[in-house]
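This briefing introduces the strands and one helix of a protein chain. Please keep the structure in view while reading.

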Amino acid sequence: MRHFTRRRALVVLLGVLGAFSLVLFGIWLNAIKLGGQQPAEPFRIAGNFYYVGANDVAAFLITGPEGHVVLDGGYPTTAPMIMASIAKLGFDIKDVKVLLNSEPHPDHAGGLSVLQQASGAELWASEASADAIVAGGDDPDVILPLRALFWIGLVGYPAARVDHRFKDGDTIRVGPIALTAHVTGGHTRGCTTWSFVVRDGDRALNVVSACSLVALQGTRYPEQGADFERSFRVLRSLPADIWVTSHARLWGRYRKFVASATAKSPVDPFIDPEGYRAYINTYEAEFRQGVVH
Ligand SMILES: [Zn+2]
């Protein structure tokens, strides 16, 4: 009898432990999927240029009378946050006609498929980014042990349909909106920086959305060093009143958003050409020192 009770207690204990590890596994899985992203308040940066991303992985909305543009899709689980932000600003996801991307990593291209299905928008990507996006993030420049994680489905994302492949220097237009693509490779081969002009009142402001300049342990290709050199040159040549990049903490999203509420002109805190130079300088110094992440 005593023996039976002890065995029963053991079964209960194992059951509790099992349930507990399932909960932990669920939390872990959820954290991986969300990539640690939380919703963030959407806001106008300047004119027709808005922030609609999460707390760190960025997404931008550029609105126009003939349709809107969304730049970057976050993780697959960030896409609903982006859509909620677009709606909160008073715009309709169905009016988004063009989707653009900075780079095909899961934190910036993962949500494109969801956004594409919700909007019906056409996705434009650079040649190398397009190859990775249509393969759900599988990039031939990723070194082998890491690349295998894509093949077994541990990383990666739902493949989006790439409707158009652009060349370096091409301009993508939706009515009066015009964004110029600069292929600034290194972080990934097809990494794309976008430049465009935003009208805010009587001011015309040059905006640069710079692609990542981080050299990765896991991405290697023969032209990578030359691409980084060229990317630093190209980025330095672009006039930037306002600058952003795909991780919002790097351009001070929250700091500028908070400052904007009390500034004489809400746009002023976003005007930051010095921050743009400092960003390029930081990563160029890392590159010269051979820092890889
Ligand atoms: Zn990346």
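In what order do the seven strands of the open sheet stand? The order is β1-β2-β3-β4-β5-β6-β7, and the pairing is mixed. The model is a predicted one. As general background, the strands of a sheet pair through backbone hydrogen bonds, in either a parallel or an antiparallel manner.

**The sheet of seven strands**

- β1 (43-46) and β7 (164-166) stand at the edges of this sheet; each has a single partner strand, so one side of each is left without a neighbour in the sheet.
- From one strand to the next, the twist averages 25°.
- Within this order, strand β5 (residues 96-100) pairs with strand β6 (residues 122-126) in the parallel sense, over two bridges.
- In this region, V98 stands opposite E122 in β6.

**The sheet of five strands**

- Five strands form an open sheet in the order β8-β9-β10-β11-β12, and its pairing is mixed.
- The edges are taken by β8 (171-174) and β12 (242-245); because each has a single partner strand, one side of each is left without a neighbour in the sheet.
- The twist here averages 20° from one strand to the next.
- Strand β11 (residues 203-210) and β12 run parallel and are joined by four bridges.
- S209 stands opposite V244 in β12.

**Helix α6**

- Helix α6 covers residues 144-151 and is hardly covered by its surroundings: among its eight residues, the count of buried residues is zero.
- G153 follows α6 and has a positive phi, near 80°.

Key. Residues are numbered from 1 along each chain as its sequence is written. This is a predicted model: local features need pLDDT of at least 70, side-chain atom pairs count only at pLDDT 80 or more; totals for chains, interfaces and linings use all residues. A residue is buried if 20 or more other C-beta atoms lie within 10 Å of its own, exposed if 12 or fewer, and partly exposed in between; C-beta atoms are placed from the backbone. Two strands pair if DSSP finds at least two bridges between them. Axes are lines fitted to C-alpha atoms, for helices over the stretch in contact, and angles run from 0 to 180 degrees between N-to-C directions.
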